[in-house]
Amino acid sequence: MEPFIKHTGLVAPMDRANVDTDQIIPKQFLKRIERTGYGQFLFNDWRFKEDGSLNPEFELNKNRYKGASILAAGSNFGSGSSREHAPWALMDYGFRCIIAPSFADIFYNNCFQNGILPIIAPDNIVVDIINKSRSTSNYKLNVDLKNLKAWDQDEDIVFQFKLDEFRRNSLMNGLDDIGITMQHESDISNFEKTRHKHGGVLRD
Amino acid sequence: MEYDQPRTLFEKIWQSHVVREQAGEPALLYVDLHLVHEVTSPQAFDGLRIADRSVRRTDLTVAVMDHNTPTWDLSLPVKDPIAKQQLDALEKNCDEFGVELYDRFSPLQGIVHIIAPEQGRTQPGKIIVCGDSHTSTHGAFGAFALGIGTSEVEHVLATQTLRQKKPLTMEINIDGQAPTGVSAKDIILGIIGRIGVAGAAGHVIEYTGQAITDLSMEGRMTVCNMSIEAGARAGMVAPDQTTFDYIRGRSHAPKDSEFQNATEQWSRLRSDPGSVYDARVTIEAKDLEPFITWGTNPGMVIPVTDKIPNPNNAIDETEKESWERALRYMDLKPDIPITDVSIDRVFIGSCTNARIEDIRAAATVAKGKKVNDQVYAMVVPGSVAVKEQAENEGLDRILIEAGFDWRVAGCSMCLGMNPDILQPKERCASTSNRNFEGRQGKGGRTHLVSPQMAAAAAIEGKFVDIRDW
């Protein structure tokens with residue numbers, strides 16, 4: 001996994017609440033057996049009209065947001081299904097960071113597994129970022145994961161965000177969760193030695 | 001260990017599964033049952049292969065084909081080459097890694113969340129995971145059951161553990177007896193309508209109260225199934241005699257004296273008196289009615305007696321915009337009674353409502369009636385076992401004679417990954433769990449309802465109040 005330490009990128013707005021994973025990657029594109037190649041299907045039903053042509057009204061289709069790597073979105077982003085195809089599609093399209101007032105739990109977890117940083121920011125900051133991404137051309141944000149800080153180009157918006165130490169460390173080092181857990185093999189084996197075979201029995 | 005504080009059901013299960021806990025790290029939890037299906041697993045098996053890892057506990061892992069299996073004649077080949085590739089990949093992966101698989105011809109096949117309880121694999125106190133958000137279904141047995149992503153599927157395959165940040169707890173108490181005509185589906189739609197689609201984000205819900213304990217296991221599964229639609233990490237109901245009676249005698253249930261021992265242990269799985277939850281919600285069961293969703297998420301829901309909401313009554317600009325957008329997508333006008341809305345399709349199925357009691361409820365409504373000429377209605381049983389049971393009871397005959405299409409088991413039009421999809425602009429009364437834009441087919445319009453309400457809508461060609469019917 002590619003480490004995430006610092007990132008500077010163009011911001012695209014997604015000014016909608018409850019954007020669900022069926023919108024991020026519609027089900028007809030889940031049938032691949034690879035992790036790659038989903039970017040072309042990102043937001044398919046919003047990005048393309050029924051005849052397959054680009055929908056010029058949709059934010060990401062606007063020229064000014066071409067090459068965006070930071071998405072500023074409404075609350076409860078990524079709700080719905082557990083499909084990891086959603087972060088795979090966002091990553092493949094070029095997004096490395098998503099800023100929203102809140103995220104759906106499973107989607108939030110899935111981002112970290114793929115080197116995407118989901119930042120939870122207060123509502124008013126997200127609204128300001130969305131507005132500025134619309135009013136300022138080539139509007140960029142800087143994200144510093146080490147110091148848990150983000151700021152825009154003219155330092156008009158500057159904010160700190162929170163992230164637990166484990167997640168931060170894994171992202172910054174591009175660490176694979178399985179590798180980390182494998183280091184605790186003896187803990188797992190010890191647990192199994194005393195585990196009741198039905199599993200559902202309390203251990204105290 | 002002695003505990004000073006009373007503990008919730010969730011807390012007890014959590015503490016009994018911690019393999020490792022370190023400040024600043026998510027806990028490492030042991031997984032008792034890992035369910036696998038074809039859509040969210042190929043990349044996980046691939047990851048194992050690349051890293052030369054094996055499946056740690058094949059005895060705690062079971063796979064089934066359900067999401068994109070056709071529900072037509074089983075003797076026909078899978079026409080969609082990409083679906084076929086995914087089904088073939090699951091077969092190859094299970095074979096290579098030694099995982100038990102129910103393929104589409106197996107008598108034990110069905111929707112993953114229907115077959116595991118059916119076989120007695122789902123048991124109280126377990127931690128159960130699956131690469132599918134509706135894994136919350138299994139919480140009905142007093143298990144901690146949660147949906148995970150594909151990377152986590154790979155993690156569980158390799159280590160039998162899951163990293164989890166400890167969620168908060170929420171008690172949702174449905175106080176009193178549910179009125180006649182209010183089903184388990186209506187209870188959960190009513191809850192989501194009350195707390196919203198992110199109302200339980202970060203929480204594990206424990207459902208309590210008479211309206212919950214009065215429910216059969218199947219009804220409890222319907223309620224827990226849609227916990228994720230309220231944003232919850234999981235939903236659960238404390239196990240009781242109803243739970244034990246359901247499990248007894250099933251193929252993977254403990255046998256004889258072991259079963260007796262197990263029920264004694266499972267009886268400890270309840271929140272201690274005075275337990276503290278991080279949040280509490282109480283809903284009076286008498287206030288619940290049959291519900292219908294009108295919009296594009298499950299929180300956009302109204303009682304059948306209500307009118308389509310007017311965006312001018314929204315609480316803020318964001319809600320107003322989302323209501324306007326939903327009304328446009330759904331092609332609905334504000335302020336008209338929902339019972340004036342006519343439909344083109346009916347889907348009775350999914351991990352929410354495709355168990356035998358759901359099929360019985362639909363057949364009871366449909367008996368001696370005819371599906372409206374304008375409507376195409378289908379019933380997709382949740383498993384081969386449900387299908388056979390329904391056929392033994394003659395429910396298939398009742399439904400077929402009424403004009404319903406009777407299919408073979410699978411996820412089908414809940415998410416339309418197989419050939420069962422809505423055409424653009426088609427309006428569907430569906431017993432499934434999500435009414436997102438395009439969920440059942442691009443441009444399709446979904447209204448979530450109970451099986452009774454769906455069957456009645458099929459016959460009338462529009463929504464009706466099942467209580468007057």
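This report walks through a strand in chain B, the interface between chains A and B, and some salt bridges. Keep in mind that the model is predicted.

## Strand 3 of chain B

Let's start with strand 3 of chain B, which covers residues 33–37. Here 5 of the 5 residues are buried, so the strand is largely enclosed by the rest of the structure. The side chains split in the two directions you'd look for when setting up a view: B:L33, B:L35 and B:H37 point one way, while B:H34 and B:V36 point the other way. Both sets are buried.

## Who pairs with strand 3

Strand 3 of chain B has partners in strand 4 and strand 6 of chain B. With strand 6 (residues 127–130), it runs parallel, and 3 bridges join the two. If you want a residue to anchor that pairing, B:H34 stands opposite B:V129 in strand 6 of chain B.

The pairing with strand 4 (residues 61–64) of chain B is also in the parallel sense, this time over 4 bridges. Here B:V36 stands opposite B:A63. Add helix 2 (residues 42–50) of chain B to strands 3 and 4, and you've got a right-handed β-α-β unit.

## The interface of chains A and B

Now for the contact between the chains. On the chain B side, 78 residues are in contact with 60 residues of chain A. The size of an interface is often given as the accessible area lost when the parts come together. For this pair of chains the buried area is about 5800 Å², and carbon and sulfur atoms give 52% of that.

On the polar side, the rule finds 36 residue pairs in polar contact across the interface, counting pairs with both residues at pLDDT 80 or more. Helix 5 (residues 150–159) of chain B gives the most to the side of chain B that touches chain A, with 7 residues. There are also 10 salt bridges between chain B and chain A.

## Salt bridges between the chains

Side chains of opposite charge can pair when their charged atoms come close. One such pair is A:D176 and B:R53, whose side chains meet in a salt bridge at 3.7 Å, N to O. This one crosses between chains: A:D176 sits in the loop between helix 6 (165–173) and helix 7 (177–182) of chain A, and B:R53 sits in the loop between helix 2 and strand 4 of chain B. A:D176 counts as partly exposed, at 39% relative accessibility.

B:R57 is in that loop of chain B between helix 2 and strand 4 too, and its partner A:E192 is in helix 8 (residues 185–194) of chain A. Their closest N and O atoms are 3.3 Å apart. The pair also belongs to something wider: salt bridges that share partners join A:E185, A:E192, B:R56, B:R57 and B:D59 into one network.

## A salt bridge within chain A

Over all chains, the count comes to 46 salt bridges. One of them to look up is A:E2 with A:R96, where the closest N and O atoms are 3.3 Å apart. That pair links distant parts of the chain, with the two residues 94 residues apart. A:E2 lies in the segment before strand 1 (6–14) of chain A, whereas A:R96 lies in the loop between helix 3 (85–93) and strand 3 (97–100) of chain A.

Their surroundings contrast as well: A:E2 is exposed, with a relative accessible area of 51%, while A:R96 counts as buried at 12% relative accessibility.

Note on methods: Residues are numbered from 1 along each chain as its sequence is written. Chains are lettered from A and ligands numbered from 1 in the order in which they are written. This is a predicted model: local features need pLDDT of at least 70, side-chain atom pairs count only at pLDDT 80 or more; totals for chains, interfaces and linings use all residues. Side-chain values use heavy atoms; hydrogens and water are left out. Buried means under 20% relative accessible area, exposed over 50%, partly exposed in between (1.4 Å probe, protein chains only). Two strands pair if DSSP finds at least two bridges between them. A crossover is right-handed if, with the strands pointing away from the viewer, the path from the first strand over the helix to the second runs clockwise. Contact means heavy atoms within 4.5 Å. Buried area is the accessible area (1.4 Å probe) that two parts lose on being put together, summed over both. A salt bridge is a side-chain nitrogen of Lys or Arg within 4 Å of a carboxyl oxygen of Asp or Glu. A polar contact is a pair of N or O atoms within 3.5 Å; within protein, one must be able to donate a hydrogen and the other to accept it, and residues adjacent in sequence count only if both atoms are side-chain atoms.
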